[in-house]
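This report describes the architecture of one protein model together with its ligand surroundings. The sequence and the coordinates are shown first, and the discussion follows.

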Amino acid sequence: MEIGYSVIIYTILVLMLVSYVFMRKHKRKFNGKLRLPPGSMGLPYIGETLQLYSQDPNVFFTNKQKRYGEIFKTHILGCPCVMLASPEAARFVLVKQAHLFKPTYPRSKERMIGPSALFFTQGDYHMRIRKLVQSCLSPEALRAIVPEIERIVVSMLDSLDHGQVINTFHTMKKLSFDVGILTIFGGKLEERYKVELKKNYFIVDKGYNSFPTNIPWTLYNRAIQARKRLSEILSEIMHERRKKGEVEKDLLGCLMESRDEKGELQLNDEQISDNIIGVLFAAQDTTASVLTWILKYLGEDPKLLEAVKVEQMGIYETNECGSQPLTWAQTRSMTLTNRVILETLRMASIISFTFREAVADVEYKGFLIPKGWKVMPLFRNIHHNPDFFSEPDKFDPSRFMNAPKPNTFLPFGSGVHACPGNELAKLEILILVHHLVTKYRFEVVGYQTEIEYGPFPVPRHGLPARLRRAPGPSA
Ligand code: HEM
């Protein structure tokens, strides 16, 4: 017992000494000219991790911002961090001086998705892949898949057990997965591949946020095994395409066919797999969370729901009560629904912040951001700042009748790593809302105020709800 206490005390002393030496080093280097941002680093090593995780993380960030201003330091999960809550600071890190800040993720996450995926990389390789992904998710490319997204939405809504309580978030996850598969593999992927991809992807998804202990039977270990299987399935699909000489215009096709100036293929199968799995990951929970929030906000505001319904009914009737397919042009004319989506993105701010790491000592407004420190632009704080969005806690889509001030609305990030899937996500949401409000009644079960983080915020229990066919011509 006594030995145990001695070891703990000894460890704490060593950690305090290491922290002290680290701070001294930075103080000396800048000779007092630059100072670290205000803030507190908490206890040695554990820093303020407990404070952050024992409450709603947004309360932690907001309290810090109130106390220290728009740039402050803290220490979480073993890393010293600088948090930035102003639009200029977010622009500095993500756009203007992006080369001084590299993307950074825990090793376990990088391993799970694949180290060659877009989000983990920088420089030429990143730009090459990004161009390919952007071209497959551009408005021109999306225009062509509107009918197929609509088919997925209609069949998902039809398949639900009407009248039974559903978990909205889980239901929306299935939808966003299917739309992801469509974007990546086009409409022609064999059913057996879809089933295998889905099965293994959901095992990876379950283990992604689990504790990273790679011993048999843990969620993490199962996820790693499923991740290997995903690579094998993708190799099989690529092999078959090559054998048949098929050249497709979907994302897989773009990645497989990309060539350099000399006409040589640019990517190997592993790089392609990492990026396919990366896109599936980036597309699924994000879109599903926003879909869940939009249904919650609409459910809580009958007047707004009615106005959205009027907008959508106009299109529905033009399309002869749904017997004609929705067109790209019609999705562009859904002005109010689009504003509801933007306001949902702001209010829910499902990606509250992002992480970067300083690759050199950087000066920002007289403060030092030391090399190796994590840097976190706080999107949610910016979206909830009354200087940029009046009455920020009120859900008010009309605020988007005027464009927000520059760099104050960042639901899809900004700069070289900004989300290339933003138009697809919005299109998917528009199509879902169209079919939901014109043909169904959606009723949230119970009054929902609590939020779960998994890791994106969603209403508690995934927003239990009932869906019923609306009486009328389509019933
Ligand atoms: C409403 C849904 C979505 C939200 C809120 C969202 C948000 C974001 C944000 C904030 C980033 C930047 C992260 C950073 O800078 O660290 C990002 C990156 C990314 N997103 Fe999305 N996203 C959504 C849907 C999608 C979809 C549907 C796809 C693909 C089909 C997608 C693919 C990606 C990819 C590949 C990246 C990495 C880009 C890069 O590193 O260059 N996202 N997303």
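In which loop is the place of Gly462? Gly462 sits in the loop between strand S11 (457–459) and S12. The model discussed here is predicted.

Gly462 is classed as buried because 21 other C-beta atoms lie within 10 Å, the cut-off for that class being 20 or more. Leaving aside residues up to four places away in sequence, Gly462 touches Asn167, Thr168, Phe169, His170 and Thr292. Its C-alpha atom is 8.9 Å from that of Ile451, and the two residues are 11 apart in sequence.

A second loop position offers another case. Pro212 belongs to the loop between helix H9 (191–208) and helix H10 (219–244). Pro212 counts as partly exposed because it has 19 C-beta neighbours inside 10 Å. With residues up to four places away in sequence not counted, Pro212 touches Ser108 and Tyr220. From Pro212 to Tyr125 the C-alpha distance is 28 Å, at a sequence separation of 87 residues.

The strand that follows the loop of Gly462 takes part in two pairings. Strand S12 (residues 464–469) pairs with strand S4 (residues 165–167) in the antiparallel sense, over 3 bridges. Strand S9 (residues 440–444) also pairs with S12 in the antiparallel sense, over 5 bridges. Individual partners can be named: Val165 stands opposite Arg466 in S12, and Tyr440 has Arg469 in S12 as its bridge partner.

For the protein as a whole, there are 17 helices and 12 strands. The radius of gyration is 24 Å, close to the 23 Å given by the globule rule for 475 residues, so the protein is as compact as a globular protein of that length. Taken along the principal axes, the C-alpha atoms fill a box of roughly 75 × 55 × 50 Å. Of the 475 residues, 38% count as buried. Among contacts with a separation of 6 or more, 73% join residues 24 or more positions apart.

Two helices can be set side by side by their dimensions.

| Helix | Number of residues | Span between end C-alpha atoms | Expected span |
|---|---|---|---|
| H12 (269–300) | 32 residues | 47 Å | 46 Å |
| H13 (302–318) | 17 residues | 24 Å | 24 Å |

The span of H12 is close to the value expected at 1.5 Å a residue, and that of H13 agrees with its expected value. H12 is mostly covered, with 26 of its 32 residues buried. In H13 the buried residues are Leu304, Val308, Glu311, Gln312 and Tyr316. The elements that cover these buried residues include H12, helix H15 (335–348) and H17. Just after H13, Glu320 takes a positive phi of about 50°.

The remaining topic is the ligand. There are 27 residues around the ligand, and those that come nearest are Ala282, Thr354, Gly413, Cys419 and Gly421. Helix H6 (123–136), helix H8 (168–185), helix H12 (269–300) and helix H17 (422–439) are the elements that give two or more residues to this shell. Which element gives the most to the shell around the ligand? H12 does, with 7 residues. By residue class, the shell around the ligand divides into 17 nonpolar, 9 polar and 1 charged. H12 thus appears in two settings: in the shell around the ligand and in the cover over the buried residues of H13.

Key:
Residues are numbered from 1 along each chain as its sequence is written. This is a predicted model: local features need pLDDT of at least 70, side-chain atom pairs count only at pLDDT 80 or more; totals for chains, interfaces and linings use all residues. A residue is near a molecule or strand if its C-beta atom, placed from the backbone, lies within 6 Å of it. Helices (H or I, at least four residues) and strands (E, at least two) are DSSP runs, numbered from the N terminus. Ala, Val, Leu, Ile, Met, Phe, Trp, Tyr, Cys and Pro count as nonpolar, Asp, Glu, Lys and Arg as charged, and the others, Gly among them, as polar. The expected span of a helix is 1.5 Å times one less than its number of residues. A residue is buried if 20 or more other C-beta atoms lie within 10 Å of its own, exposed if 12 or fewer, and partly exposed in between; C-beta atoms are placed from the backbone. The radius of gyration is taken over C-alpha atoms; the globule rule is 2.2 Å times the number of residues to the power 0.38. Two residues are in contact if their C-beta atoms, placed from the backbone, lie within 7 Å. Two strands pair if DSSP finds at least two bridges between them.
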